[in-house]
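Here are my notes on this one, written as numbered points. Keep the structure open while you read and find each piece as it comes up.

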Amino acid sequence: MVDRFENLIIGGGLAGLIAANLLSKAGRQVLLIEKKPYPFHRVCGEYLSNEVLDFLKREGLLPPLDLPQIDRFIFSDTRGKSTTIPLDLGGFGISRYVLDDFLYNRALENGAEIWTGNQVENISFNKVDFTLELADGKFLTATNVIGAFGKRSKLDKVLSRDFIKKRSPYIGVKYHVKTEIDRNTVALHNFTGGYCGVNAIEENKVNLCYLGSRDQLRSMGSIEEMEQHILFKNPHLERIFSESEFLFDKPEVINEINFEVKMPVEQHILMAGDSAGLITPLCGNGMAMAIQAGKLAAEALINLSTREEIEDYYTANWKILFERRLMIGRGVQTLFGSKNASRFTRNLIAHVPFMARQIIKNTHGKPF
Ligand SMILES: Cc1cc2nc3c(=O)[nH]c(=O)nc-3n(C[C@H](O)[C@H](O)[C@H](O)COP(=O)(O)OP(=O)(O)OC[C@H]3O[C@@H](n4cnc5c(N)ncnc54)[C@H](O)[C@@H]3O)c2cc1C
């Protein structure tokens with residue numbers, strides 16, 4: 001027998017979990033399928049922009065924790081020369097381990113069905129609905145599908161999405177540590193080939209997360225060698241890495257981080273979060289965008305009835321909310337990760353702070 005669902009969400013990161021919460025709260029039948037069992041760590045800087053604060057509070061989706069409030073930004077170039085500016089909107093630090101698990105439990109309480117430890121292997125649309133094949137051999141059908149499967153999934157290959165054919169030069173590495181930092185400051189320390197974000201999260205912990213170069217990792221042979229020979233040339237990073245107590249046995253690592261243009265609706269799937277486009281991490285805004293996209297997808301399914309209306313509404317509003325930010329983020333990425341570019345950017349922030357604040361403003365959305 002084939003199970004049938006009204007709304008099916010593939011992937012339980014922020015986009016998928018927010019959509020599951022809103023759909024189930026509105027009394028809609030929803031199944032979310034997430035590959036991994038909660039709670040789990042992910043590569044992410046865990047700085048969450050305040051643009052989502054009112055929404056999370058309003059919907060009862062903000063974990064009741066004492067979270068570090070962040071309203072200052074420090075930038076250092078590859079040699080460690082730094083400058084600091086205030087953040088107009090600001091944000092707060094919270095680990096994905098805690099946040100995603102909280103949203104998962106809230107979605108269950110709200111009546112969503114969630115299957116973890118299973119994944120969607122195949123999907124096809126046949127005129128009126130979708131057929132999905134899961135890793136355990138089960139087949140499902142669904143009227144509506146939200147694709148919230150993140151920056152890279154085996155489904156991107158199944159769907160023959162254009163970006164999947166291109167290789168990406170970036171890797172991401174994340175640690176949780178205990179160390180002394182200003183808890184109201186998010187730092188972005190450059191090194192040749194990348195940059196490392198540093199900010200406080202819950203329970204006096206600190207997130208260290210960097211975007212680095214695949215080629216450098218290959219040439220150095222290991223993460224440790226790459227950190228010592230490349231990241232540590234920035235004295236801020238050398239100090240933080242040498243003085244911190246590392247809380248993971250080994251870092252969380254991902255590769256093939258891709259900032260290519262993607263489409264918000266593909267083969268009738270509403271793509272939400274990174275599956276519709278990943279903003280460059282230096283913008284510190286991907287989590288907020290995933291939350292807002294999950295909300296947008298849920299609203300389209302709650303308020304509209306025909307497939308055409310739903311897809312048109314989602315595409316038009318997704319473009320208004322995210323298209324420009326993604327484009328600016330790709331441009332800003334060129335101002336980081338090399339000696340000259342990072343020196344130029346530090347000078348720009350120090351001497352024309354208005355410009356730096358405008359760039360930050362233009363990569364962020366308004367509170368909603
Ligand atoms: C190095 C780095 C640092 C970053 N730092 C920040 C930051 O400080 N602040 C910020 O706001 N953003 C940051 N981001 C961006 C942010 O992490 C993402 O934008 C955000 O996680 C997107 O959420 P999502 O729900 O779209 O995807 P994800 O959180 O990636 O969730 C996708 C989920 O789908 C699941 N999945 C995939 N395929 C399948 C399948 N076939 N079946 C079932 N499940 C599947 C995966 O297991 C995963 O749990 C950073 C990104 C990187 C790479």
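The points below go from the domains to the helix pairs and then to one loop.

1. Before anything else, remember that this is a predicted model. Everything below describes that model.

2. Start with the big division. The domain assignment splits the protein into domain 1 (3-41 + 96-166 + 258-333) and domain 2 (69-92 + 171-257 + 337-363). Each domain is put together from separate stretches of the chain, so colour them by residue number. If you mark the C-alpha centre of each domain, the two centres turn out to lie 29 Å apart.

3. How do the two domains touch? On the domain 1 side, 20 residues are in contact, and they meet 14 residues of domain 2. Together the domains bury about 1400 Å² between them, with 61% of that on carbon and sulfur atoms. Three residues to click on are His41, Arg152 and Leu282: they supply 33% of the area that domain 1 buries against domain 2, more than any other three residues.

4. Now for helix pairs. Two packed helices are described by the angle between their axes and the distance between the axes. Keep those two values in mind for the next points.

5. Take helix H1 (residues 14-25) and helix H3 (residues 96-109). Their axes are 9 Å apart, at an angle of about 25°. Angles under 35 degrees count as roughly parallel, so H1 is roughly parallel to H3. The crossing is left-handed. H1 brings Leu14, Leu17, Ile18, Ala20, Asn21 and Ser24 to the contact, while H3 brings Arg96, Leu99, Asp100, Leu103, Tyr104, Arg106 and Ala107. Sorted by class, that is eight nonpolar, two polar and three charged residues.

6. Next, compare helix H8 (residues 286-303) with helix H9 (residues 307-332). The axes are again 9 Å apart, but the angle is about 165°. With the cut-off for roughly antiparallel at over 145 degrees, H8 is therefore roughly antiparallel to H9. This crossing is right-handed. Among the residues that meet here are Met289, Leu296 and Leu301 in H8, and Tyr313, Trp318 and Phe322 in H9. The contact of H8 with H9 has 13 nonpolar, two polar and two charged residues.

7. H9 has another partner, helix H11 (residues 353-363). Their axes come within 8 Å and cross at roughly 135°. H9 and H11 are therefore oblique to each other. From H9, the contact uses Arg324, Arg325, Ile328, Gly329 and Val332; from H11, it uses Ile359, Asn362 and Thr363. The class count is three nonpolar, three polar and two charged residues.

8. Last stop: the loop between strand E2 (30-34) and strand E3 (47-49), where you will find proline 39. Most residues other than glycine have a negative phi, and most peptide bonds are trans. Which way does the peptide bond from tyrosine 38 to proline 39 go, cis or trans? The bond is cis, with omega near -5°. Glutamate 46 is also in the loop between E2 and E3, and its phi is near 65°, a positive value in a residue other than glycine. Have a look at both spots yourself.

Methods:
Residues are numbered from 1 along each chain as its sequence is written. This is a predicted model: local features need pLDDT of at least 70, side-chain atom pairs count only at pLDDT 80 or more; totals for chains, interfaces and linings use all residues. Side-chain values use heavy atoms; hydrogens and water are left out. Axes are lines fitted to C-alpha atoms, for helices over the stretch in contact, and angles run from 0 to 180 degrees between N-to-C directions. Helices (H or I, at least four residues) and strands (E, at least two) are DSSP runs, numbered from the N terminus. Angles under 35 degrees count as roughly parallel, over 145 as roughly antiparallel, 65 to 115 as roughly perpendicular and the rest as oblique. A crossing is left-handed if the near helix is turned anticlockwise from the far one by less than a right angle, and right-handed if clockwise. Contact means heavy atoms within 4.5 Å. Ala, Val, Leu, Ile, Met, Phe, Trp, Tyr, Cys and Pro count as nonpolar, Asp, Glu, Lys and Arg as charged, and the others, Gly among them, as polar. Domain bounds come from an automatic or database domain assignment. Buried area is the accessible area (1.4 Å probe) that two parts lose on being put together, summed over both.
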